[in-house]
Amino acid sequence: MLTFFVIVPVLIAVFLFVFSTNKAARVLAIIIQSLFVLATFWLFLQSRHTEFITYVGSYDDVLGIILRTSNTSAVFILLTSVIFLAVSIYSYNEEGVRTFWFLLFILEAVLVGLFLTRDLFNIFVLVEVGTVVVTILIMYYRGRRQMFTGMVYLMLNIVAMQFYLFGIGYIYMLTGAFDVAHVADALAYIDREALVLPYALIMTGMAFKCAIIPLHSFVPKVRLYPAAPSAVVAILSGVQIKTNVYLFLQFHQVFDTFSAQGFFLAVGIITSAIGVFMAMCQTDIKMILAYHTVSQVGLIIIGLFAGTEYSFLGGLFHVISHGVFKTALFLTAGIIFHAYGTRDVYKIRGVMRRMPIVGAVTVAAVLGITGAPFFIGSISKYFISADVHWLVEWSVIIISLGTIISFTKYAGMLFGKPDQDLIGDKPKPDTWRLVPAMALGAMCLLGGVFGQPLVNFLFVNTATIDIMGYAQKALIFFVSVAVGYGIYKYIIAGNKLLKRIGDLDLGFKSACASMGAFFGLIIIMVGVL
Amino acid sequence: MIGALDIFAVALFFISFFGLITSRNIIKTIIFILTMQTSVIMFWLFIGSRTGTIPPIIDVGDIAYMYNLPAYADPLPQALMLTTIIIGICVVAINIIMLNTLFRKYKTTEWSNMAKLARKDHIEKY
């Protein structure tokens with residue numbers, strides 16, 4: 001039954017590859033995708049209390065391959081399908097549609113498959129397919145810059161997956177199993193020393209895919225974001241990176257003999273802080289959002305590895321909320337770029353006056369990402385820092401302050417008077433593009449207002465939000481806004497040095513070197529200490 | 001459990017990785033990616049078949065043989081490595097096609113030159 005969820009997007013993709021020049025066919029595809037969203041919602045409701053298991057090829061789970069849902073993966077599949085629905089509506093009028101639509105839905109199948117599969121080798125195959133699809137989507141406009149970044153992306157991901165493949169080979173040698181649950185059982189009987197090498201290999205591969213800091217600047221993902229279409233970028237940072245975080249978490253749980261929790265917590269804090277600092281240095285709107293993806297993934301990792309029940313819940317919920325507000329931000333950034341013809345955050349002015357709806361959605365999403373009270377980000381940030389060590393709590397506050405500073409810059413483009421040169425006779429924003437953006441903006445607000453019931457509904461929990469704690473967080477938010485605005489006004493705005501720092505990036509070779517360094521670091525952390 | 005062949009595969013893996021870090025030319029990088037894949041595939045095959053094992057083909061006619069099986073090679077890694085080889089070939093082919101296109105546009109195959117030229121390209125159009 002679960003194979004259905006992988007096959008349907010592939011069928012939509014093939015259908016669109018043949019008929020996508022026909023507008024009615026595209027509408028039909030969007031309708032099928034909406035039905036698919038309903039199906040994933042049904043799957044989520046079903047797997048809240050029981051696990052679904054499908055045996056592929058009618059062998060049992062030792063010999064065969066199984067697909068399995070848990071509550072968490074069902075929630076993430078729901079998020080994936082919702083965001084793909086939004087993006088497919090958004091790109092209704094996309095030019096050169098044929099390959100674009102085909103690859104988009106193939107990517108959806110791959111991502112859903114990654115959430116479902118529990119087989120180590122299947123994960124490898126799906127990730128490789130996903131890498132190739134993403135590479136082609138990145139190069140979709142066929143400029144030479146896009147091709148270059150696409151090639152760097154592809155090569156780095158191949159190298160990372162070789163690490164992973166080596167690691168699972170080693171695991172197979174030791175345990176003779178591929179199913180995650182069986183591997184976890186078997187690893188309990190194996191010496192800790194023998195596991196250091198496979199652990200380091202697998203974790204390096206997975207950490208690379210999640211863009212954790214020593215490996216982030218590889219992130220040609222980040223670097224090439226401006227080159228790729230907005231719709232693709234929205235998927236990359238809304239969903240695709242989350243599959244990698246999910247796998248990362250899964251492998252961390254498989255190897256629970258290594259208590260590397262503190263290490264990854266520290267890595268998460270560093271990732272988040274450096275990501276937010278690099279975001280402050282950017283002037284390109286898509287680059288700002290791209291570096292915030294690094295920072296928010298760091299925040300998710302902080303939540304998942306802080307070690308308390310509420311922060312884990314907050315980390316999981318932040319996957320959802322980041323998916324919602326970051327997709328909204330990227331989609332509106334696409335509309336704004338389309339209307340103004342530039343991505344320089346200092347040149348774009350007066351979005352609110354020209355396109356009130358886009359402006360309102362941007363405001364909602366910005367309030368979401370900065371963690372304003374009654375918006376979706378505040379709920380996940382509240383849970384992440386609800387009952388953690390004070391050091392972690394303060395790092396979350398400082399990271400939020402950085403986010404506020406950088407989004408003060410971003411929100412500057414909403415106000416002021418539009419530059420006459422940039423207005424021109426650009427067309428009005430397309431209704432097909434406005435609708436999904438508006439829906440996501442509304443979700444930012446509704447998810448915040450009904451935060452507590454939503455968290456409990458999605459993750460089958462009985463978490464409560466303490467009103468006093470929440471009010472305290474709100475107070476910290478308002479103080480941070482005041483401080484952040486001051487820092488932005490007097491230090492960040494138009495600073496030349498910061499702009500130069502923001503241009504720093506690693507090439508292919510240095511990215512590989514950082515991968516090797518991270519590998520060595522894990523070996524030292526786990527094997528020696 | 002770890003033999004000389006395994007150590008050879010691991011060594012080749014890290015030598016290729018060192019090559020990736022140091023090679024200045026993109027063609028060399030692709031070659032090192034290939035050797036890296038080869039080393040991983042070798043490692044997997046060594047897991048499946050160690051010295052002293054027979055091929056996993058059972059002679060049905062000889063019943064005494066069937067009840068007294070010697071250690072035979074594990075066929076699963078070989079099957080998986082077929083998939084990996086195919087994926088590897090596809091991915092490297094895409095890489096070479098992209099490099100070919102890029103060479104026509106940038107007239108260089110050096111990492112540093114190409115990165116310098118790419119940074120100058122304005123992508124405001126998109």
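**From a surface patch to the inner cavities**

Let's start at A:W432, which sits in helix α20 of chain A, the helix that spans residues 431-449. Keep in mind as you look around that this is a predicted model. A:W432 is partly exposed, because its relative accessible area of 32% falls between the 20% and 50% cut-offs.

This tryptophan belongs to a nonpolar surface patch of about 590 Å², which also takes in A:V27, A:L28, A:I31, A:I32, A:L35 and A:L38. The most generous contributor to the patch is helix α2 of chain A (residues 23-46), with six residues.

Now let's go inside, where the structure holds six cavities of 30 Å³ or more. The largest of them has a volume of about 220 Å³. Its lining is made by 18 residues, and those nearest the centre are A:G371, A:K381, A:S400, A:K473 and A:F477. In chain A, helices α17 (376-384), α18 (390-411) and α22 (467-492) are the elements that each give two or more residues to this lining, and α22(A) gives the most, with six. By character, the lining of the largest cavity divides into 10 nonpolar, six polar and two charged residues.

The second largest cavity has a volume of about 50 Å³. To find it, look for its lining residues A:V110, A:L111, A:L114, A:V127, A:G130, A:T131, A:K209, A:Q240, A:T243 and A:N244. The elements of chain A that supply two or more residues here are α4 (97-116), α5 (120-138) and α11 (230-254). Four nonpolar, five polar and one charged residue make up the lining of this second largest cavity.

Technical notes: Residues are numbered from 1 along each chain as its sequence is written. Chains are lettered from A and ligands numbered from 1 in the order in which they are written. This is a predicted model: local features need pLDDT of at least 70, side-chain atom pairs count only at pLDDT 80 or more; totals for chains, interfaces and linings use all residues. Side-chain values use heavy atoms; hydrogens and water are left out. Patches are made of residues with over 30% relative accessible area and no salt bridge: like charges are joined within 9 Å, nonpolar side chains (Val, Leu, Ile, Met, Phe, Trp, Tyr) within 5 Å. Accessible areas come from the Shrake-Rupley method with a 1.4 Å probe; for residues, only the protein chains shown count as cover. A salt bridge is a side-chain nitrogen of Lys or Arg within 4 Å of a carboxyl oxygen of Asp or Glu. Helices (H or I, at least four residues) and strands (E, at least two) are DSSP runs, numbered from the N terminus. Buried means under 20% relative accessible area, exposed over 50%, partly exposed in between (1.4 Å probe, protein chains only). On a 1 Å grid over the protein atoms alone, a cavity is a set of points where a 1.4 Å probe fits but cannot get out, and a pocket is an open set with protein on both sides within 12 Å along at least five of seven lines; lining residues have an atom within 4 Å of a point. Grid points are joined across faces, edges and corners, and a volume is the space filled by probe spheres set on the points. Ala, Val, Leu, Ile, Met, Phe, Trp, Tyr, Cys and Pro count as nonpolar, Asp, Glu, Lys and Arg as charged, and the others, Gly among them, as polar.
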